[in-house]
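Below are some notes on the model you sent, set out point by point. Please read them with the structure open.

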Amino acid sequence: MINRIFVFIFCFISFASAQTPIERADRLFTDMAALPSVPGINVAVADENGLLWAKGFGYADIEHRVPMTPATKMRIGSVAKVITTAAMMKMVERGELSLDADIRVYVPEWPEKHPMITLRQLANHTSGIRHYEGNEFLSNVQYDNSLSALEIFSDSDLKFPPGRSYSYTTYGWTLVSAAMEAVSRKSFKDIIRDEVIIPLGLNDTTFDDANIMIENRQSAYDFLDGELKNSPEVNVSYKYAGGGFLATPADVVTFTMAHVNSGFLTQETLDQMFQRSNISPHGIGWVVGFQRYINNFSGNPATRDEMMRIMSEHPSAVMHSGGSTGALTMMILCLDHKHSVALTKNVGNGPDANHFELALRTLDIFHNDDE
């Protein structure tokens, strides 16, 4: 009996090792999308030569049995922040913005009662501006521009003097976008289109507008009381810069791979963006390294050693996660091995298919294929 077990294990390992990375990843996500708390998952992987793999699993819309496909546009949440960072840094390169000027140079409407805040502090979450309170995350109010959205939080006291501590804030990025709009005299949407979407050919990246019909937009779900339910309707016009984009994972990895070498941005800019702050896990926009995830590991304890191993093999990774109403996203760019993975599931919570662990596993599958 023991010999039969060893033969089975040997055959299983041999079969797994014989599979291609795409076959292994396909099996992983097929299993995850079959879980009752997961309506669908969209995933893509790229290297410096382009897109390696993109596929949708499960359903983009359960009620109408619409399959998830690589063309499904997903709510990518706070991954929007790194797209905004790219546009901001293009403006910095041209001398239109300074990372270290008082924000009131660009947005004089920012209340005088607050101490000086800079774009750098806003981008690495050391500004002291608060995050959501109450039901603000579920806002369904239309704001016509970034300046008008400042009214949500501009009168709130800062959590600490700018530059003294770290506190994650999406609202800080609304202030960033107000500065960008003021300097360029264009809408934030036009800035992103001109600086990022068009130059990088991100044809499936747009804005999560509440009142516009958008082809291939995901449906959004929450897992409540043991079943999937429709997420509430929201309007993200108050936070386009920090969490209001729709994109396919294929577009996300195309975007991230533009940061591996200079060209889209200068090497000096890339070095600044990927230099971790001494009081924040962020550089400029991006989370730099896995240290915050190592220190605050919240995944399955049974997989902890495997996750730690994968993270240790990618010491120069930069990344960002995203939590939206009815969606969870993880994006990782490995600068050493020049691989990128992005995935989104169209459910905002639930006990299964941890998006961070899935991204790590996917990165590991395709990285080990190169060795």
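1. Strand S11 (residues 327-334) and S12 run antiparallel and are joined by seven bridges. Within this pairing, Ile332 stands opposite Val341 of S12. The model is a predicted one, and the points below should be read with that in mind.

2. The connection between S11 and S12 is a hairpin, with four residues separating the two strands. One of the turn residues, Lys338, has a positive phi of about 55 degrees.

3. On its other pairing, S12 meets strand S1 (residues 40-47), again in the antiparallel sense and over seven bridges. Two positions help to fix the register: Lys345 in S12 is the bridge partner of Ile41, and Thr344 in S12 stands opposite Asn42.

4. How many residues of S12 are buried? Seven of the seven, over residues 339-345, so the strand is mostly covered, taking buried as under 20% relative accessible area. Side chains in a regular strand alternate between the two faces of the sheet. In S12, His339, Val341, Leu343 and Lys345 point one way, while Ser340, Ala342 and Thr344 point the other way. Both sets are buried, including the charged-type name in the list, Lys345.

5. The wider arrangement is an open sheet of seven strands, in the order S3-S2-S1-S12-S11-S10-S9, with antiparallel pairing. The edges are strand S3 (66-67) and strand S9 (287-288); each has a single partner strand, so one side of each lacks a neighbour in the sheet.

6. Two helices are worth checking against this sheet. Helix H2 (residues 21-33) packs on the sheet and touches S1, strand S2 (50-61) and S12. The direction of H2 makes about 20 degrees with that of S2. Helix H9 (residues 249-257) lies across S1, S2, S11 and S12, and runs at about 30 degrees to S1. S12 is thus named among the strands for H2 and for H9.

7. A separate point concerns Thr170, found in the loop between helix H5 (146-149) and helix H6 (171-184). Is Thr170 buried or exposed? Its relative accessibility is 1%, so Thr170 counts as buried. Leaving aside residues up to four places away in sequence, Thr170 touches Ser78, Lys81, His131, Tyr132, Lys239 and Gly242.

Terms used: Residues numbered from 1 in each chain as written. Predicted model: local features only at pLDDT ≥ 70, side-chain atom pairs only at ≥ 80, totals over all residues. Heavy atoms only, no water. Buried < 20%, exposed > 50% of the residue type's maximum accessible area, 1.4 Å probe, protein only. Pairing = 2+ DSSP bridges. Contact = heavy atoms within 4.5 Å. Axes fitted to C-alpha atoms, helices over the stretch in contact; angles between N-to-C directions.
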